[in-house]
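Open the model in your viewer and switch to a cartoon representation. The stops below say what to select at each point and what is found there.

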Amino acid sequence: AVVSTQSSGQSKPGEVGTAVETALRAGYRHIDCARAYQNEDEVGKAFTKVFSEGDVKREDVFVTSKLWNIFHRGEDVEAACDKTLNDLQLKYLDLYLIHWPVALQPGDNLFPMDKDGKFLMDSKTPPFSETWAAMEKLVESGKCKNIGLSNFNVEQIKEILSLAKIKPGCLQVESHPHLPNLELLKLCKEHGISFVSYSPLGNPGSAFRRPEQKICFTRKLC
């Protein structure tokens, strides 16, 4: 089972870190993080606390993080990974994903928008080949053991496969009964790419959800 640290702004300071500590002590061994979740420093403190106690070893935990959209330019990828490693207080990541196949305007703002609230795209529009080559260097340097993709479609994945020296090890996408993404699953099986589903019980809070899509659960379970 995977523990996601995405809280969509619904968690109070310290709650995500406490959740990660509790999960690790309960036996969870896959922690999914991301720069865009804006809580990796909190998760890092939890890692250090739990690992220092000795019952859970770093090498027994699989840690995933993701390259955010403002860091797609080749020269920005390693620095973004270094920031994540520093915040998580780790020497390496088990898996580093390109979070979205969209490059936003680089800068200090993770979510750059214009006055109308529309995202600002990177004027350079770095090609996938540039971003992926920089990701591959992270594997070569030992900072990441595996690299992969998140929220990419079939054609985008095929483009990465056509130019990759190191094949994507994983694709992480939303997948559940109302959005199974079977074409993506088939492609991943054909190329030996692990298919990881997020929101497996549905995603009623998604900004992309259409009104006619049903919600799997309509009441709280606890």
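The tour goes from the whole chain to the sheet, then to selected side chains.

**Whole chain**

Begin with everything shown, and keep in mind that this is a predicted model. The protein chain has 6 helices and 7 strands. Traced from the N terminus, these elements follow the order β-α-β-α-β-α-β-α-β-α-β-α-β. Switch on a surface: the protein chain exposes about 12400 Å², and 52% of that comes from carbon and sulfur atoms. Of its 222 residues, 44% count as buried. If you draw the contacts with a separation of 6 or more, 69% of them are between residues 24 or more positions apart.

**The sheet**

Hide the helices and keep the strands. In what order do the strands lie in the sheet? The order is S1-S2-S3-S4-S5-S6-S7, in an open sheet of 7 strands with parallel pairing. Select residues 2-4 and 194-198 to see the edges: strand S1 and strand S7 each pair on one side only. From one strand to the next, the twist averages 25°.

Next, colour S2 and S3. They pair in the parallel sense over 3 bridges. Select Ile31 and look across to S3, where its bridge partner is Val63. Then stay on S3: 5 of its 6 residues are buried, so this strand is largely enclosed by the rest of the structure.

Move on to residues 95-98 and 147-150, which are strand S4 and strand S5. These two run parallel and are joined by 3 bridges. Leu97 has Gly148 in S5 as its bridge partner.

**A salt bridge between strands**

Go back to S2 and S3 and show the side chains of Lys66 and Asp32. They meet in a salt bridge, at 2.6 Å from N to O. Lys66 is in strand S3 (residues 62-67) and Asp32 in strand S2 (residues 30-32), so the pair ties together parts that are 34 residues apart in sequence. Are these two residues buried or exposed? Lys66 is buried, and so is Asp32.

**Salt bridges within helices**

A search of the whole structure finds 12 salt bridges, and two more of them are worth a stop.

Select helix H1, residues 15-26, which contains both Arg25 and Glu21. The two are 4 residues apart, about one turn of the helix. They form a salt bridge whose closest N and O atoms are 3.2 Å apart. Arg25 is partly exposed, at 45% relative accessibility, whereas Glu21 is buried, at 15%.

Select helix H3, residues 74-88, for Asp87 and Lys83, again 4 residues apart, about one turn of the helix. Their side chains meet in a salt bridge of 3.4 Å, N to O. Asp87 counts as buried at 15% relative accessibility, and Lys83 as partly exposed at 36%. Now add Lys49 and Glu53 to the selection of Glu21 and Arg25: salt bridges that share partners join these four into one network.

**Cysteines**

Select the cysteine sulfurs. How many disulfides does the structure hold? The count is 0. Start with Cys144, whose closest cysteine sulfur is in Cys81. Why is there no bond between Cys144 and Cys81? The sulfurs are 3.8 Å apart, which is too far for a bond, since a disulfide requires sulfur atoms within 2.5 Å. Cys144 is buried, with a relative accessible area of 2%.

Cys188 is also in no disulfide; the nearest cysteine sulfur belongs to Cys170 and is 8.0 Å away. Cys188 is buried, at 0% relative accessible area.

**Last stop: Ala133**

Select helix H4, residues 128-141, and find Ala133 in it. Ala133 is partly exposed, with a relative accessible area of 32%. Then add Gly74 and draw the distance between the two C-alpha atoms. Ala133 and Gly74 are 59 residues apart in sequence, and their C-alpha atoms are 7.6 Å apart in space.

Technical notes. Residues numbered from 1 in each chain as written. Predicted model: local features only at pLDDT ≥ 70, side-chain atom pairs only at ≥ 80, totals over all residues. Heavy atoms only, no water. Pairing = 2+ DSSP bridges. Axes fitted to C-alpha atoms, helices over the stretch in contact; angles between N-to-C directions. Buried < 20%, exposed > 50% of the residue type's maximum accessible area, 1.4 Å probe, protein only. Contact = heavy atoms within 4.5 Å. Areas by Shrake-Rupley, 256 points an atom, 1.4 Å probe, with all protein chains shown as cover.
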